[in-house]
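Hi there,

Here is the structure I promised to pass on. Have a look at it first, and then read on for what I found.

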Amino acid sequence: MMKKMILFAFMTLMSLGTFAQTAQQVLNKTAKIIGNKGGASANFSLSSTKYGSTSGTIAIKGNKFNAHTPQATVWYNGKTQWTYMKNTNEVNVSNPTQAQQMSMNPYTFINIYKTGYNSSLKNAGSNYEVHLTAQNKKRTVQELIITINKKTYVPSVIKMRQGSSWSTIKVSNFRAKNVSNSTFVFNSKDFPKAEIVDLR
């Protein structure tokens, strides 16, 4: 009886280990597709108790992104973020936190999933559902749930939790394409009358 229990415990631990490894493998494949060297573009919609609701288009390349919504345009070159607000004709310049980046760039998770998150995987029909939980309880983004297509390895839904607040980002029309680096940098010549507000 004792032998059987030890064997069962060992098999359970082995299956959990395989499960966690598979979650990493799925994310690795997803990161490879999303992290196309030339860049990529997609449509997205955001629903959040913290950030409100909006939808638009996004271009990405590595950790850089450029997002357009009816309310704002955001450029991020990997360090500095410029946010043009249409209603105030202002450009806010900042060095955003991981959570702030993620609120506008649903693909931020491909750069952070290897850094201090536990992962698990479950099947959800034609998709994988990857669950990430932060090992450090002080981390801004505590939890992520990513829905990834089993055939294409392209994510369709990214949910993230900050404190008790959840944000849901739905992504569609993902396309790998070449995107110029200038796409991710604000050009003041395009907004000659905008007021620049440096928040750094």
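Let me begin with Asn89, which is partly exposed, with a relative accessible area of 27%. Asn89 lies in the loop between β5 (81-85) and β6 (90-94). Its phi is near 55°, a positive value in a residue other than glycine. For context, most residues other than glycine have a negative phi. Please keep in mind that this is a predicted model.

Tyr153 also deserves a look. Tyr153 has a positive phi of about 60° although it is not a glycine, and its place is in the loop between β9 and β10. Is Tyr153 buried or exposed? Its relative accessible area is 15%, so Tyr153 counts as buried, the cut-off being under 20%.

That brings me to the strands around this loop. Strand β9 (residues 143-149) pairs with strand β10 (residues 155-162) in the antiparallel sense, over 6 bridges. The hairpin they make has 5 residues between the strands. Within this pairing, Thr147 has Val157 of β10 as its bridge partner.

From β10 you can carry on to strand β11 (residues 165-176), since these two are also worth viewing together. β10 and β11 pair in the antiparallel sense, again over 6 bridges, and Met160 has Ser167 in β11 as its bridge partner. Between β10 and β11 the hairpin has 2 residues, and Gly163 in the turn has a positive phi of about 60°.

What does β11 pair with besides β10? One partner is β1, which runs antiparallel to β11 with 8 bridges. Here Asn43 stands opposite Ser172 in β11. Strand β1 (residues 40-48) is also joined by 9 bridges to strand β2 (residues 52-61), and these two run antiparallel. They form a hairpin with 3 residues between them, and Phe44 stands opposite Gly56 in β2.

One last residue to look at is Asn127, which is in strand β8 (residues 127-134). Asn127 counts as buried, at 18% relative accessibility. Which residues is Asn127 in contact with, leaving aside its neighbours within four places in sequence? They are Lys122, Thr147, Ile148, Asn149 and Lys150. Thr147 is the residue you met above with Val157 as its bridge partner in β10.

Happy browsing, and do write back with any questions.

Best wishes

Definitions and conventions: Residues numbered from 1 in each chain as written. Predicted model: local features only at pLDDT ≥ 70, side-chain atom pairs only at ≥ 80, totals over all residues. Heavy atoms only, no water. Pairing = 2+ DSSP bridges. Helix = DSSP H or I, 4+ residues; strand = E, 2+ residues; numbered from the N terminus. Buried < 20%, exposed > 50% of the residue type's maximum accessible area, 1.4 Å probe, protein only. Contact = heavy atoms within 4.5 Å.
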